[in-house]
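Thanks for coming, everyone. I'll keep this short. Please have a look at the structure first.

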Amino acid sequence: MLRPDKHPRAGRGVVILRSLRVGLHTSVAVLLLIGLVRLLDGPHPSAGRVTGAALTLVFAAVYLAGTLVERRVSEAKMSASPSGGPLRTASAVGQGGTLVWLFVVTGLWGGLLAVSADFAWVAFPLFFLHLHLLRLCWAVVAVAALTAAVVLALWSQPGGDHPATVIGPIIGAVCAGLMTQAYRILDRENRALRETMADLQRARQQLVAAQREAGALVERERLAREIHDTLAQGLASIVLISRAAVSSLDSASVGQARDQLNTVVRTAGENLDEARRFVAVLQSGEQQNPGLLEELRRACRQIEAQAAAQGHALRCRLRVSGGPRPVAGGQAILVLRAVQASLANVLRHAQADTAAVTLTFLQNALLVDVVDDGVGFDQQQAVGERPAAGAERPTGTGVGLGSLRDRVAAQGGQLHVESSPGSGTAVSIRIPLEQEPQRAQEQPREVKRWME
């Protein structure tokens, strides 16, 4: 069952409805007790007193049993569904059982009224029961009949033949009808509010599930990028160098083959270390902060060694401008992966002699440029149409540039690629950095293409 403190308005509605129910049952008990006391204390014959007391006990037992069953089943329905009403006996014991119970209670009251007119006032809470449990047409007929019975019982008493005997019960019946209508409106609004709360709860659960699924998709994309930019690149280099070593052995160039195999061993070891770092990050959930400049120098040395092992004389240089300063772990890893991916593309596709990596530290941004003097490519053909998110790539390739663009955008940065056939390629990345108060002026950008 929804607790009242779950929502202020729904809680107030439940409290009001329960208070009305308690007030109804309390009024029945009080009026029944008053009638019994007046019966026992009044000038009634002994047989009438015994009969009235017995009927009072039976009436109280039947009424109490019905209300207890109604309360237990009604609360069970409310806990299972936000639309369960707190006073509907029909919801508790079924429409047929409700009518039987109401008929028995009304019959017992009629017997009490026949014994003593002092029980006439019990009719007022019975008005509410009939108006609430019966259809409107039948409820009006029943209330009219009860009112007539009360008027007749009071009129037959000594001194009861005056207008108040008729007007009082009629006013009571009208007030009962108005209060019942107000209760129904309050009950309907409260149930509507509870249903709205249930809908909001379901929507919240759906939103949480959607966010969880979106988080899983983002994590899979991140893992795919990390594997592509580290292990896949290294394994591709190992495959290419191994093929070159086989060719060297076929041509009896044992020394060259030995150097190539040494490069394979070194590259495999570096990939193993990278895989271990990758696993450590997954286990701890904390990004490692690499020594950025040293890692970039190592990346340049690796690409030169891999190119040499494949028989290409590729020279890679690193230049830093603007006063280096510490870079956050996530941004440092992004720069490192961007440079590694760009240099891997230079090695595999550019057929370049020179590659230049330039880091420019500005006051509030870091600029990264990777420039080569290779064959270049047609940007429209290579970047014009990206695969849809989640699209299947049978070979696991074709994710480099698009993945890099996504990673840069996730850090709030920008990536630009400039290339044309025969004119080399320039990859430029701008990543915002936290502004340092001690730096008052922005350092000028110094970007050079080194083609010597």
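I'll go through a sheet, the helices on it, and then some aromatic pairs. One caution before that: this is a predicted model.

Let's start with the sheet. It is open and has five strands. Their order is 1-2-3-5-4, and the pairing is mixed. Which strands stand at the edges? Strand 1, residues 315-321, and strand 4, residues 414-419. Each has a single partner strand, so one side of each is left without a neighbour in the sheet. On average, neighbouring strands are turned by 10 degrees against each other, direction ignored.

Now look at one pairing inside the sheet. Strand 2 covers residues 354-361, and strand 3 covers residues 365-372. They run antiparallel, and seven bridges join them. For an example, find Leu 359: its bridge partner in strand 3 is Val 368.

Next, the helices. Helix 8, residues 292-309, packs on the sheet. It touches strand 1 and strand 2. Its direction makes about 165 degrees with that of strand 1. Helix 8 has 18 residues. From first C-alpha to last it reaches 26 Å, close to the 26 Å expected at 1.5 Å a residue. Several of its residues are buried, among them Leu 292, Leu 296, Ala 299, Cys 300 and Ile 303. The buried residues of helix 8 also include Glu 295, Gln 302 and Gln 306. After the helix comes Gly 311, with a positive phi near 90 degrees.

Helix 9 is residues 329-350. It lies across strands 1, 2, 3 and 5, with strand 5 at 425-432. It runs at about 10 degrees to strand 3. Arg 337 sits in this helix. Is Arg 337 buried or exposed? Buried, with a relative accessible area of 7%. Its side chain makes a polar contact with the side chain of Gln 340, at 3.2 Å.

Last topic: the rings. How many aromatic pairs does a search of the whole structure find? Four. One of them is Tyr 63 with Trp 101. That pair is tilted, 5.6 Å centre to centre, with 40 degrees between the planes. Tyr 63 lies in helix 2, residues 46-80, and Trp 101 in helix 3, residues 89-115. So the pair ties together parts that are 38 residues apart in sequence. Both residues are buried. Together with Phe 59, they form one aromatic cluster.

Another pair is Trp 121 with Phe 124. This one is stacked, at 5.8 Å centre to centre and 10 degrees between the planes. Trp 121 is partly exposed, with a relative accessible area of 39%.

Definitions and conventions:
Residues numbered from 1 in each chain as written. Predicted model: local features only at pLDDT ≥ 70, side-chain atom pairs only at ≥ 80, totals over all residues. Heavy atoms only, no water. Pairing = 2+ DSSP bridges. Helix = DSSP H or I, 4+ residues; strand = E, 2+ residues; numbered from the N terminus. Axes fitted to C-alpha atoms, helices over the stretch in contact; angles between N-to-C directions. Contact = heavy atoms within 4.5 Å. Buried < 20%, exposed > 50% of the residue type's maximum accessible area, 1.4 Å probe, protein only. Polar contact = N/O pair within 3.5 Å; in protein donor to acceptor, adjacent residues only side chain to side chain. Expected span 1.5 Å × (residues − 1). Phe/Tyr/Trp six-rings, centres within 6.5 Å; stacked < 30°, edge-to-face > 60°.
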